[in-house]
Amino acid sequence: MTAYVTLIFTIVILLFTVTHSSTVGVQYVSGLLQIQDRERASSSVQISAARAVLDRFIPSHSSSFDFQIITKEHCGGVSCFMISNLPTSHLPGAPEIRISGVTGVELLTGLHWYLKNLCGAHISWDKTGGSQLSSVPKAGSLPRMKDDGLLIQRPVPWNYYQNAVTSSYTFAWWDWQRWEKEIDWMALHGINMPLAFTGQEAIWQKVFEKFNISNSELGDFFGGPAFLAWSRMANLHGWGGPLPQSWLDQQLAMQKKILARMYELGMTPVLPAFSGNVPAALKNVYPSAKITRLGNWFTVDSNPKWCCTYLLDATDPLFIEIGKAFISQQIKEYGRSSHIYNCDTFDENTPPTDDPEYISSLAAAIFKGMQSGDDDAVWLMQGWLFAYDPYWRPPQMQALLDAVPIGKMIVLDLFAEVTPIWTTSDQFYGVPYIWCMLHNFAGNVEMYGVLDSVGSGPVEARISNNSTMVGVGMSMEGIEQNPIVYDLMSEMAFQRTKIDVKDKNRDVIVAFPDVDPSFLSSRKTSGTRYLRSINPLSKRFSLKDENEDFDKPHLWYSTSEVIRALELFIDGGNELSGSNTYRYDVVDLTRQALAKFANDLFLDIIEAYDSHDADGVAYLSKKFLDLVDDMDALLACHEGFLLGPWLESSKQLAINEEQKKQYEWNARTQITMWFDNTEEEASLLRDYGNKYWSGLLRDYYGPRAAIYFKYLIQSFEKGESFDLKGWRREWIKLTNNWQNARDIYPVKSEGDALVTSRWLFEKYLRGSGIDDH
């Protein structure tokens, strides 16, 4: 290290060490952090991996930056990145900026910080407009850092990423090219603790073989490719399957690539652990084992073909055997681990008794299963169950958390931006936790985000008395939406002070009410329209409130203000329409305004029906359906809103025609209606994974709405009440037919986003008089 750089390090350490204050939780996990530091890839490997990201990301500047791995001692005892000028930058082709960091992730986070703050660049997913790098000065003319440079520390060691279901809602059909881009994105955004769940079914196949379970007996155990998240969580089995051997082999090979890249960058990927979910055949092999059948999880008629999975009791000796075998097989297959394992035995699986001693024995056995396969194992658990399941009262919660040695469990405060658990549980009763932003459900497309909570919540948690917080995280169910929310949340991994920034989508178009219109009419109260009455922040994760027949649309903000913002945004389009990011935003903002307009329009239809105005129903219904078609044309203008890529990517992983058909059915079903249904009873999971995608509106959401409107008009013509059964039979049939269809949808955008947005604004929104009540 040169004397020049040493001087810079000395200065910045003196300036910033005084600001560093570790939480109690960080002290508890210090042993694990030391192990991970020792086992991390070499400096040369991490620098090489970081330079490869730089080359992929902005190859024109590959020689402009010098990367250097440093120790935590240079950062005041924590992870950090430093940015400084290089004295030789005046020489042609010489590096201009040095970025130093504890791992490859910190190097790339420092690169991102520099490009964003000094060059005006923006980094985003391709679907949300991609990265904006045109503002970066050419190589040789990069902006200089002020004074002696910059040091930014991590206030807490970990930046967590993903939800247990993101693997299905977003990652289901990814190839290596897409995975590589995502890992690059993670590193540039400071993420160092991602879940790594891909390919685990192939591991389970090898593990269960040791317990005399054949491959054919696993056929109805694994879910289909788009439903693996829920078969892993013991919510269902067999649905969408069976998994071909080619899928198992492909995904295992993919996982090895994913893990290798994550380790090269200095990340600490989280592997799965055994939760007790077992195939039915295990009962025959081990008849004396404590295996119980779980209850119904959202099936229509409790069909055992899909429903009611089997759970091995954690207190049974076989549990530890299988748990050890699973961990050991992963380490054998992958060559190493980061010693952190995710297990959510109790997520939507309530224990049979509320006896704290029983709960404690279960938790201790689950951890023993992990530890028997890895002496340094740490249990990572989603804390969602503490928020939504009333079973988990303080005695039961504390019994679970106290059963594992301190520092050997980390809890994800999964929905902390809305329902933080750390505040009501005395810092999870002293157990280390990660403050997470959940934000998105099922990959739904909706413009929203609780930015004030995101900008302040992690800081408040970290500086609270006796804080056990050890990280921040993003636990969304689906990605590639609302990029500003994820930009802010990723910055919170390095923020010491609050940032002052002044749930599921149930719009009518994509989540059409499956109810008699009289139900909607009866819910209008004192001038406040029922469909607008919900407070989205009070909404539970459940599919709907227990006493409601359907989930209601909601408003996150003033619709009139959104329309005014859209007008201004369109006015600036002549100068900005060349930007892919602008085109994404103008489509998204127009979509958002029109979606709320559609909610109002639907209420007008119901009011006309309630007033026995047949002509009004006919006129307004046509207007609604025209709007759906127009929105489909709008969405077609940007590749971030197309159905085609989702379907085509599913088929690209198939090796024969039969697999193509199976995978496409999986893809179509997940975004429309799953689980099972009868001719007259729709799945309880209908529209949970709804999407504003071109093709889906035109060929599914629009025709479904048309069926409803047809039955409204028929009730006038026949002088009868609304034929609810007839409506259900017809729209359920439409759904099942669409799921089995094989139509090809575009994978490239078509149409001019600005022209289309301007046209639709004039057609529907100017002078629309939409209110916000």
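This section describes the main pocket, a mostly covered helix, a small sheet and selected backbone features of a predicted model.

The largest pocket in the predicted model has a volume of about 1,400 Å³. Its lining comprises 47 residues, and those nearest the centre of the pocket are Asp 126, Lys 127, Arg 178, Lys 181 and Glu 480. By class, 20 of the lining residues are nonpolar, 12 are polar and 15 are charged. Four helices each contribute at least two residues to this lining: H4 (43–57), H7 (176–188), H22 (580–610) and H24 (644–652). The largest share comes from H7, which supplies 8 residues.

Helix H18, spanning residues 483–491, is mostly covered, with 7 of its 9 residues buried. The buried positions are Pro 483, Val 485, Tyr 486, Asp 487, Leu 488, Met 489 and Ser 490. These residues pack against both helices and strands. The helical partners are H7, H17 (451–463) and H22, while the strand partners are S5 (158–161), S14 (433–437) and S15 (469–474). Helices H7 and H22 thus appear in two settings: each supplies residues to the lining of the largest pocket, and each is packed against by buried residues of H18.

An open sheet of 3 strands is arranged in the order S8-S10-S9, and its pairing is antiparallel. Strands S8 (277–278) and S9 (291–293) stand at the edges; each has a single partner strand, so one side of each lacks a neighbour in the sheet. The antiparallel pairing between S9 and S10 (residues 310–312) runs over 3 bridges. Within these strands, Ile 291 is placed opposite Leu 312 of S10.

Three backbone features were also noted. Most residues other than glycine have a negative phi, and most peptide bonds are trans. The peptide bond from Gly 241 to Pro 242, however, is cis, with omega near 0°. Pro 242 lies in the loop between helices H9 (228–232) and H10 (245–264).

Positive phi values occur at Asp 147, where phi is near 50°, and at Gln 427, where phi is about 60°; neither residue is a glycine. Asp 147 is located in the loop between helix H5 (104–119) and strand S4 (150–153), whereas Gln 427 belongs to helix H16 (residues 426–429). Asp 147 has a relative accessibility of 75% and therefore counts as exposed. Gln 427, at 6% relative accessibility, counts as buried.

Conventions: Residues are numbered from 1 along each chain as its sequence is written. This is a predicted model: local features need pLDDT of at least 70, side-chain atom pairs count only at pLDDT 80 or more; totals for chains, interfaces and linings use all residues. Side-chain values use heavy atoms; hydrogens and water are left out. On a 1 Å grid over the protein atoms alone, a cavity is a set of points where a 1.4 Å probe fits but cannot get out, and a pocket is an open set with protein on both sides within 12 Å along at least five of seven lines; lining residues have an atom within 4 Å of a point. Grid points are joined across faces, edges and corners, and a volume is the space filled by probe spheres set on the points. Ala, Val, Leu, Ile, Met, Phe, Trp, Tyr, Cys and Pro count as nonpolar, Asp, Glu, Lys and Arg as charged, and the others, Gly among them, as polar. Buried means under 20% relative accessible area, exposed over 50%, partly exposed in between (1.4 Å probe, protein chains only). Contact means heavy atoms within 4.5 Å. Two strands pair if DSSP finds at least two bridges between them.
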